[in-house]
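Me: I would like to go through the salt bridges of a structure and ask what lies behind each label. Could you take me through the reasoning?

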Amino acid sequence: MSLEIYLDLFSQPCRSVYMFAKKNDIQFDYKKISLFEGYQYSEEYGKINLLRKAPAIKDGDFCLAESVAIMLYLTEKFHTPDHWYPADLQKRARVNEYLSWQHSTIRPHGSKMMWFKLLIPKAFGTEIPKEKMDNAVEDLNSSLNLFEEKFLQDRPFIVGDQISLADLVAIVEIMQPVGAGMDVFENRPKLKAWKDRVRAEIGAELFDEAHQAIFYAQEAVKTMDPEKIEHFKPKILRYFLS
Amino acid sequence: MAGRQAVKVYLDLLSQPCRALLIFLKHNKIPHTVELIALRKGQQKTPEFTKLNPMQKVPVLDDNGFVLTESDAILKYLATTYNVPDHWYPKLPEKRARVDEYTAWHHVNTRMHASTVFLQEVIFPMMGQPTNPAKFEKALADLNGTLDMLENMFLKRQPFLCGDEISLADLLAVCELMQPLCSGRDILKDRPKLLSWRSRVQSALSDSFDEAHSVVYQIREKFTAKL
């Protein structure tokens, strides 16, 4: 049994892989890494994943990056219950449709809120211009509206009656702004009901455990050593504020 | 599959993922009908099209009532539903994982950066919208980073992005990397490894590649004639 999974649970895609592996009793060697400390840039990590992102896995000699690819690989390898990634090609296509759409919508829009509302002002001491903040909030709201209108509708889960990888990937991204103190479920009862269902399906204990870093983000950022993350500052500011 | 009805696709060939889909359908001789949606005329925003796809995006697949969006989901659905050669989307888990890895990474890397260069250099000026030189320089730098990754990781020891044969990954990537050509800009010109890869992909796809890209060549002619 030599499956290694490299994770930083502050990162959304790491949380979905973690919860998926744990929920399905997949035995793995949990390699805890710190993105804020820049481990992804080390020579060591470069041997695992040249894309220098988390999560990544090493299964024997086989290395793989990208949480979506990792979870699809694990469903196949460990013969997880069908509902995660149905064998029926049309149901499967619905899961793939969500997994594709979210890359350039919910994922960056949710992520940005954590950076804009918490990390950049509190850890870097840089204020976000009002117009940029307003646009970012509007982008997230538009994505959440589309999520509810198209992907959720009146169904209990994205692809039907049972939880799938689509819900798992969606929930971790939607939880990210919550860690920055933003209640995305306020005035969204349908979204909140879905979140509660997903949390119950995954198991409340596992869900909460995976989200610890997010729940305590506002506290953690107060005690974060600014020198440790200084190396990130120019890159982050260029990425978000240029 | 015998007796299977043709699928319908809604496309605008100016859109990179639409080209990838059309090439795949033609190359694999999958029976299909095409309905053209002119993005420049806002046809994706009509109430009719919005009913079909609330995202107001192309491409869209309608397989006899089963409506699907997102090009990588569509391509994977077609590859697994029809009897296409295995190399497009291999059945072996380790090989399939490589394609899934690329198609995931593709969205906010190859697609995002090549698209931004095209929008800034071709579309915004065409629409009379203000351009942003700083944003354009940043997009070029970001795209260079992506091209470095394609050369140094995906094409490190293999002729195609995910192995020894062409796959959905190469198809999606090549269509994105052709887009900046609309202004006459060949982003691959100083990169022999990527130029070889592009030639290999074009060879593998033969006629369907150039047919799908005719709109890119037309725009390039108009754009460079103006200079």
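Reply: Gladly! This is a predicted model, and it holds 23 salt bridges over all chains.

Me: How do you know that the side chains of A:D29 and A:K31 meet in a salt bridge?

Reply: The N to O distance between A:D29 and A:K31 is 3.7 Å. A salt bridge asks for a Lys or Arg side-chain nitrogen within 4 Å of an Asp or Glu carboxyl oxygen, so the pair qualifies.

Me: Why are A:D29 and A:K31 called partly exposed?

Reply: A:D29 has a relative accessible area of 40%, and A:K31 has one of 28%. Partly exposed covers the range between the buried cut-off, under 20%, and the exposed cut-off, over 50%, so both residues earn the label.

Me: What makes B:E101 and B:R98 a salt bridge?

Reply: Their closest N and O atoms are 3.3 Å apart. The cut-off is within 4 Å, so this pair counts too. Both residues sit in helix α4 of chain B (residues 93-126), where 3 residues, about one turn of the helix, separate them.

Me: Is B:E101 buried or exposed, and how do you know?

Reply: B:E101 is buried: its relative accessible area is 2%, and buried means under 20%. Its partner B:R98 has 22%, so it is called partly exposed, as 20% to 50% is the range for that word.

Me: What makes B:D142 and B:K138 a salt bridge?

Reply: Here the closest N and O atoms are 3.4 Å apart, and the limit is within 4 Å, so the name fits. B:D142 and B:K138 share helix α5 of chain B (residues 133-154) and lie 4 residues apart, about one turn of the helix.

Me: Why does B:K138 count as buried?

Reply: B:K138 has 18% relative accessibility; buried means under 20%, so the residue falls in that class.

Me: Which residues do salt bridges with shared partners join into one network?

Reply: That network consists of A:R94, A:E97 and A:K150.

Me: Which residues of chain B does UniProt list as the GST N-terminal domain?

Reply: The unreviewed UniProt entry gives residues 5-86 of chain B. Over that stretch the chain is 35% helix and 22% strand, with its end C-alpha atoms 22 Å apart.

Me: What are the confidence values for chain B and for the model?

Reply: Chain B averages a pLDDT of 95, and 98% of the residues score at least 70. The model has an ipTM of 0.96 and a pTM of 0.96.

Definitions and conventions:
Residues numbered from 1 in each chain as written. Chains lettered and ligands numbered in written order. Predicted model: local features only at pLDDT ≥ 70, side-chain atom pairs only at ≥ 80, totals over all residues. Heavy atoms only, no water. UniProt positions renumbered as here; feature names shortened; annotations may be inferred. Helix = DSSP H or I, 4+ residues; strand = E, 2+ residues; numbered from the N terminus. Buried < 20%, exposed > 50% of the residue type's maximum accessible area, 1.4 Å probe, protein only. pLDDT = per-residue confidence, 0-100.
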